[in-house]
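Q: Please take a close look at the largest pocket of this structure. I would like a connected account of what lines it, set against the rest of the fold.

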Amino acid sequence: MTNSVSITGYTDGDVDTNRSLEPSLESLAAERFSRRKALMGGLGATGMAVFGTTMLSACGGDDNLSNGPVLTPGNVAATSAGRVVTLTVTVSSQTVTGTWTQISGPAVTLTRVDDTTATFIAPAVSTGTDLVFAYGANIGSGGLNASARSTVRVNPAVLGFAAVAKNLNDIVTVPAGYSVTVMTRLGDPLAAGLSAYANNGTDADFDKRIGDHGDALHFFGLGSSGARDDSSSTRGLMVQNHENLNVQYLHPAGPTTDASGRRPQGEALKEMMAHGVSVSEYADAGNRKWSYVPTSAFNRRITPATPMQFTGPAAGSALLSTAFSPDGSKGRGTINNCANGITPWATNLTCEENWAGYFRRDGSGAGTDTAKRSAKERVALSRYGVTSITGNYGWSSVATSDTLFTRWDARAKADDAKQDFRNEPNQFGWVVEIDPYDPSSTPRKRTALGRCGHEGAFVQAVPGKKLAVYMGDDSRREYLYKFVSNTTFAQADANSGNRIAMGDKYLDAGTLYVAKFNADGNGQWLPLVFGQVPDLATYAFADQADILVNCRLAADAVKATPMDRPEWTAGNPATGEIYLTLTNNNAAGRPLAGTDAANPRHYNDPKGSANTAQYGNPNGHIIRLREAGDDQAATSFRWDIYLFGADSADANADVNISGLTAENDFSSPDGLYFSRPTNALGQVKPVLWIETDDGALTDRTNCMLLAAIPGTVGDGAAKTITNKDSTGATATQATFAGASATAATLRRFLVGPVQCEITGIDMTPDGRTLFVGIQHPGEDGTPAAPSSHWPDSQGNASVTATVRPRSAIVAITKDDGGVIAL
């Protein structure tokens, strides 16, 4: 016999359950329950069922079911998107073999726990939505069958964690109910036969170890066969940039020089190889128990010595000609890799940022350098900051003729650029494409995207439209750029097995633009095209290659808007709007009389017990734009300022424009990442993650990660603020501010260890593991007295005082297995 009644078997896994329900759900439970109420001795549904369970009991006498079960309705309940739901039936005095199946509502994946229990992740919804499930069972030895239904209402996603308090602890702090696993760390081996990292300055072979200062990262899925699998949440390749060095910890007692001031070759080689990019395989042993695979065939290091190929309009230009590549078509390596970008065809775009300081140019022999360079060359070198006397770390001083070292000396010594390395600086500052699935592939430097201090390269690809790449130039008073491909994007190309060829198709031909933000809330993309860019008084452009090699000068020439350190770009997968972090500026870069609508603040954020002055825009802000017609190839846009950073304890209303509180205030936004649209975090109203690289608020807290649910451009209002400089003088500035932050729309999720930067973030496609980069903990310490001991300090309060810190990635999971942050 079959009896069908309505039941609810459910648990939410979070005491903060959203229980908003329509009356129809109550009637659903009552519909089949009412005529059995007397049979149950007057015991109501709520009394019969513990929340999250449904009783299955033996009874008799009703509807000819004297030998069959009565399935009693339980509580009708609700949850929100991304949370774990458990459907279960509690059995009394009988043996049950049954299965839960979904009857209606958005499809979910039911995971069977046992014969009476199944779980699922609540799907993304835009409004309260009912999901109906059926439980079918074979009862006892008599072959009787029974079925029942359970309804769960899913409401739109909400942030579901308690905000982490600001702190100065030497650990990664996450909300209650979350766990932290330390993954790949500085020096971890990436090849067989390599010793574990000693972490005392004696280690070598950094071309086969994880590099230092881990920055942007991305998880590229792998299937069980080892092929690309964008849906895999249990195995993948972690690609991470390595931006710079805590050089004091790489050697036994810090870096050294010999009696003549030259760097030892072994030390310089170690430092060089600790830069670049790493590829390492990550694997989940089950239930999100992550580790890395040190001997994976996919593991790879891309370093400053790795062969590179130039492509696009500047490839082969005389401006790229060196003694290593006289025809300007090839180069060696990548350096100072900061943020990144991901292509639809699953390649990584690593971005070369503060590369200019690595080169020696002035000092000894400077007169010869000047004599053999044109005035135009000197203008370009100065504009990019290639003015160092020795170069960072002094690599060119090594006593060797090996061009791996001598190339960092950019002085013009010969009569011909093909005989020296005067143009070596022009070989850096590019966006570099890497195929993570092919360790033998040669990375491409995509010159059509321009040369600057690239922070990141967010790719916006919509089938049937031209592809766009949004890029910040990370220095004070630099610009926001956009590249638009000549070719319309075809979705089929996303699955191409020849990934680098797809880069050739979409990234080598197009138009590079720079942004101008107008005072009325509109903006234009100004093309950087030879013939349309006027010459400067000090610099005349020769051709398109010249414009791309010197796009900062071209942006100056078209009068783009100088910004407060443009860093990461990110795109909202639901609206297409583009977000840009503007990390900060000082008083010289943003004086009282030099504000504008897009960079509107000049103020003081007093720091520490001494109230040290920090004038300018020390806390930064996040700007966003919406392209005209929602087309990334458009040449105009609307903009507003999404959030203003501020110290909520010190700031007045002219500084704390976004209404931040102790639970969500922040300073110096840097990393920026929208959740993947493959899970509830990235759908309907996607969660935005904000990482900080701060020096202004560090008297109160270490750097942090925040989760946000943003609105849209124009959700706030025009605002006029009053700025004040160090003399007490004031000036007003009109701007456009987004809607104020609330506890529901912005919350601190993580605080890092001492003196770190939080940078690099991605998640598995299912949203149940979040990967976050922790860069340069203890950066101000010494080998004898490290100022941080992380990651050894994670979960170890008695760590040895001399343990050196290491940059590392952490995997963050929710203890109940749900989607992160919801």
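A: In this predicted model, 69% of the contacts between residues at least 6 apart in sequence join residues at least 24 apart. The chain has 822 residues, of which 59% count as buried, and its secondary structure comes to 46 strands and ten helices.

Against that background, the largest pocket has a volume of about 1200 Å³. It is lined by 45 residues, and those closest to its centre are His 218, Ile 342, Phe 458, Val 459 and Pro 677. Six strands each give two or more residues to this lining, namely E13 (214-221), E20 (337-342), E24 (458-460), E31 (566-571), E38 (669-674) and E44 (757-763). Of the elements that contribute, E13 has the largest share, with five residues. Sorted by class, the lining holds 25 nonpolar residues, 16 polar ones and four that are charged.

The second largest pocket offers a useful counterpart, with about 440 Å³ of space. Twenty residues line this second pocket, and Thr 109, Phe 120, Ile 121, Asp 766 and Arg 768 are the closest to its centre. Here strand E9 (residues 117-121) gives the most to the lining, with three residues, and the classes come to eleven nonpolar, six polar and three charged residues.

Returning to the strands of the largest pocket, one can follow E13 and E20 outwards through His 242, a residue of strand E14 (235-242). Because its relative accessibility is 0%, His 242 counts as buried. Leaving out residues up to four places away in sequence, His 242 touches, among others, Gly 214, Asn 337, Asp 212, His 213, Ala 274 and Arg 301; Gly 214 falls within the span of E13 and Asn 337 within that of E20. A polar atom of the His 242 side chain also lies 3.2 Å from the backbone oxygen of Asp 212.

A second histidine, His 251, sits in the loop between helix H3 (247-250) and helix H4 (265-273), and with a relative accessibility of 1% it likewise counts as buried. Its side chain makes a polar contact of 2.7 Å with the side chain of Glu 271. Beyond its neighbours within four places in sequence, the residues in contact with His 251 include Asn 200, Arg 263, Glu 267, Lys 270 and Arg 804, as well as Glu 271.

Two helices complete the picture. In H8 (residues 499-507), the buried residues are Arg 499, Ile 500, Met 502, Gly 503, Tyr 506 and Leu 507. Seen down the axis, these residues fall within an arc of 150°, so they line one face of H8. The partners against which they pack are the strands E21 (348-352), E22 (431-434), E23 (444-446), E25 (466-472) and E27 (480-488).

In H6 (residues 375-383), the buried residues include Ala 380, Leu 381 and Arg 383. These lie on the same side of H6, because the arc they cover around the axis is only 165°. Strand E26 (476-478) and helix H10 (551-557) are among the elements that cover the buried residues of H6, and just after this helix Gly 385 takes a positive phi of about 80°.

Notes. Residues are numbered from 1 along each chain as its sequence is written. This is a predicted model: local features need pLDDT of at least 70, side-chain atom pairs count only at pLDDT 80 or more; totals for chains, interfaces and linings use all residues. Side-chain values use heavy atoms; hydrogens and water are left out. On a 1 Å grid over the protein atoms alone, a cavity is a set of points where a 1.4 Å probe fits but cannot get out, and a pocket is an open set with protein on both sides within 12 Å along at least five of seven lines; lining residues have an atom within 4 Å of a point. Grid points are joined across faces, edges and corners, and a volume is the space filled by probe spheres set on the points. Helices (H or I, at least four residues) and strands (E, at least two) are DSSP runs, numbered from the N terminus. Ala, Val, Leu, Ile, Met, Phe, Trp, Tyr, Cys and Pro count as nonpolar, Asp, Glu, Lys and Arg as charged, and the others, Gly among them, as polar. Buried means under 20% relative accessible area, exposed over 50%, partly exposed in between (1.4 Å probe, protein chains only). A polar contact is a pair of N or O atoms within 3.5 Å; within protein, one must be able to donate a hydrogen and the other to accept it, and residues adjacent in sequence count only if both atoms are side-chain atoms. Contact means heavy atoms within 4.5 Å. The arc is that of the directions from the helix axis to the C-beta atoms.
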